[in-house]
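Here are my comments on the model, set out point by point. Please read them with the structure open.

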Amino acid sequence: MVLEALEREGVEYIFGYPGGANLPIYQRLAGHPALKHILVRHEQGAAHMADGYARACGKAGVVFATSGPGALNLVTGLCTAYMDSVPMVAITGQVNSNQVGRDAFQESDVIGATSSVTKHSYLVTSIDQLPRVVHEAFHIATTGRPGPVLIDICKDVQMAEAERVTPERLEIPGYRLNGHVDLHDARIAAQALAGAERPVILAGHGVLLSHAEPELLKFAEKAGVPVGTTLLGIGAFPVDHPLSLHMTGFMGTGWNLKAVQNADVLMFVGMRVDDRVTARLADFAPNVKTFIHVDIDGSEMGKNVRPHIELVADARLALEAMASHVGQVHPGRGTWFAQIDAWREEHPLRYTRSNGHLQPQDVLVDMYRRCRSEAIVVADVGQNQIWAALWWNYDKPGLFINSGGAGTMGFALPAAIGAKFGRPDKAVWCVAGEGGFVMTSQELSVAVEHQLDIKIVLLNNFSLGMVRQFQDDFYGGVRSQVDLTHMPDFVKLAEAYGLPAVRVDKLSDVGPALDAAERTRGPFLIDFRIDPEANVYPIVPLGKSLNDFWEAPTK
Ligand SMILES: Cc1ncc(C[n+]2csc(CCOP(=O)(O)OP(=O)(O)O)c2C)c(N)n1
């Protein structure tokens, strides 16, 4: 019943790992050839693969794990998906229903351990609940604000027999979807932005999830409003568009932060306005008279910044409604654009080029030039993530995948593998620091086993770079436990797993190494040994306001 329900949901891939408590399901897998099972090397890898798959192709990612340690290994991956609103269905095996709560072998309270990082969860103790809960889980995971749903199925239920009764309609008590846009509020919001002297829109992941990019572009152009994105919202608005403010937040561009801090009307769309966006909340956007918030999740309204106008709605529908009610655009708009241009000139993105070391930007700019706005780039967490976010003019949606909310090191490699399964037609590049890479590097076996065409770009700075930078910049230069000089030889490591790899430590070798990666079919790894002192800029010092951002040194 479980596997048939997955087939009916159109599932193609399951990322999973077997064990005692889910063996009955695994025994039937061979009878369902439409379901392709990818055997991971660690359950965390399965969750990130399902996550990368879902982000790349838009369908829910599916995960299998056994009870106890198997299921608990999913927690970080579930949290990563939950924080970034990624649709996922995780099906875990549980001990027999009459053994629950009796410390049976490999028993753990998986529902309890995961309830704060799942959108919903089910403990299935009776065959009568199947296959209904599987269909409900997909419905909940993929509708409204998407998220992971966990189904914990007792082993005796997996072995029970019953007549299959597929529900014709899903009725989930308390689960209401808001498909309605309040046109009055949409008009007021549109007119507030169009009529403002210094308006700004910030767009988040919700714009990508609702495929609202064309509506956002149309509204912004019609109302003449500059648009910035969050880290997760990258791709929601073309970075090379004249109205683009690029990335916002505490590692955002200088001209974006200046615009936000001087705006008089500010709209958030499809985002939760977290501390990474606001920095010191008391000083956030102090000149704004009207905050507007558009989000499908009503619980986001006023969670961090209280809006004057709320639109609890799907971003695409809301922006579409707003675009037809723009009205008069403020005559002083040209002055606002000129001011933003001046800030762009005054605070450009820049980096040190001539200290004899390979710079991460040297690598990324060449890599991105080859991607030609077509490849999917999956970044890990840390400095590599922010460099990968800032050093390319993303002009299309869905090409940048990263763990923005949870900031999960170890995300990139398995998520890149999942992304490649989800979008086999796309080139997939994985960008990671060596610290995060080794957290899930066992999944290289999966890439090799399936000869996945993914290119792994290690930005190896011999340290936990982002933490090292924080210690240098904000903790008086006291470096504590950030040294990663004792790491494997990554070329040999790759060879041990069965994929080709090269090491690069000078600029002239960057191009040839990327050429080799592009020429090679299947996985390829490049260990770029970059400047160990390279830092991420701009950056807002911890606890400070967006006004206080630091820029890269000029030399
Ligand atoms: C699982 C996990 N543990 C710890 C952290 C805290 N953390 C954030 S960035 C970072 C350093 C990452 O180092 P590396 O992977 O080498 O990337 P770099 O910053 O050097 O690019 C750490 C330890 C985290 N985000 N995730």
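The numbered points below go through selected strands, helices, pockets and single residues.

1. Status of the model. This is a predicted model. Every value in this note should be read in that light.

2. Strand β3. Start with β3, residues 61–65, where 5 of 5 residues are buried. Cover comes on both faces. Gly 61, Val 63 and Ala 65 are buried on one side. Val 62 and Phe 64 are buried on the other. The split follows a general pattern: side chains in a regular strand alternate between the two faces of the sheet.

3. Partners of β3. Which strands pair with β3? One is β1 (residues 13–16), parallel to β3 and joined to it over 2 bridges. Here Gly 16 stands opposite Phe 64. Another is β4 (residues 88–94), also in the parallel sense, over 5 bridges. On that side Val 63 has Ala 90 of β4 as its bridge partner. Val 63 and Phe 64 thus serve as handy markers when checking the pairing by eye.

4. Helix α3. This helix covers residues 43–57, 15 residues in total. From first C-alpha to last it reaches 21 Å, close to the 21 Å expected at 1.5 Å a residue. Burial is extensive here: 14 of the 15 residues are buried. Gly 58 follows the helix, and its phi is positive, near 90°.

5. Pro 69 in helix α4. Pro 69 belongs to α4, residues 69–72. Is Pro 69 buried, partly exposed or exposed? Its relative accessible area is 45%, so it is partly exposed. Asp 109 lies 40 residues away from Pro 69 in sequence, and their C-alpha atoms are 11 Å apart.

6. The second largest pocket. Its volume is about 440 Å³. The lining consists of 17 residues. Met 1, Val 2, Arg 28, Gln 158 and Ala 160 are the ones nearest the centre. Three helices, α1 (2–8), α2 (23–29) and α8 (155–159), each supply at least two lining residues. By class, the lining has 11 nonpolar, 2 polar and 4 charged residues.

7. Gln 158. This pocket residue sits in helix α8. Its relative accessibility is 16%, below the 20% cut-off, so Gln 158 counts as buried. What does Gln 158 touch, beyond its neighbours within four places in sequence? The contacts are Ala 21, Asn 22, Leu 23, Pro 24, Ile 25, Gly 93, Gln 94 and Ile 153.

8. Cavities. There are 4 cavities of 30 Å³ or more. The largest has a volume of about 50 Å³. Its lining includes Val 227, Thr 229, Phe 237, Ser 244 and Met 247. Strands β8 (227–229) and β9 (244–247) are the elements that give two or more residues to this lining. The classes come out as 5 nonpolar, 5 polar and no charged.

9. Helix α12. How many of the 9 residues of α12 (residues 254–262) are buried? The count is 7, so the helix is largely enclosed by the rest of the structure. The buried residues are Gly 254, Trp 255, Asn 256, Leu 257, Ala 259, Val 260 and Gln 261. Their cover includes strands β7 (199–203), β8, β9 and β10 (265–269), as well as helix α15 (333–346). Note that β8 and β9 also contribute to the lining of the largest cavity.

10. Ala 282. Look for this residue in the loop between α13 (275–278) and β11 (290–295). Its relative accessibility is 72%, so Ala 282 counts as exposed. Ala 282 and Leu 35 are 247 residues apart in sequence, with 51 Å between their C-alpha atoms.

11. The six-stranded sheet. An open sheet of 6 strands runs in the order β14-β13-β15-β16-β18-β17, with parallel pairing. Why do β14 (400–401) and β17 (501–504) count as edges? Each has a single partner strand, so one side of each is left without a neighbour in the sheet. Within the sheet, β15 (residues 428–433) and β16 (residues 454–460) run parallel and are joined by 6 bridges. Cys 430 has Ile 456 of β16 as its bridge partner.

Methods
Residues numbered from 1 in each chain as written. Predicted model: local features only at pLDDT ≥ 70, side-chain atom pairs only at ≥ 80, totals over all residues. Heavy atoms only, no water. Helix = DSSP H or I, 4+ residues; strand = E, 2+ residues; numbered from the N terminus. Buried < 20%, exposed > 50% of the residue type's maximum accessible area, 1.4 Å probe, protein only. 1 Å grid on protein atoms, 1.4 Å probe; cavity = no way out; pocket = protein on both sides within 12 Å on 5 of 7 lines; lining within 4 Å. Points joined across faces, edges and corners; volume = space filled by probe spheres on them. Nonpolar A, V, L, I, M, F, W, Y, C, P; charged D, E, K, R; others polar. Expected span 1.5 Å × (residues − 1). Pairing = 2+ DSSP bridges. Contact = heavy atoms within 4.5 Å.
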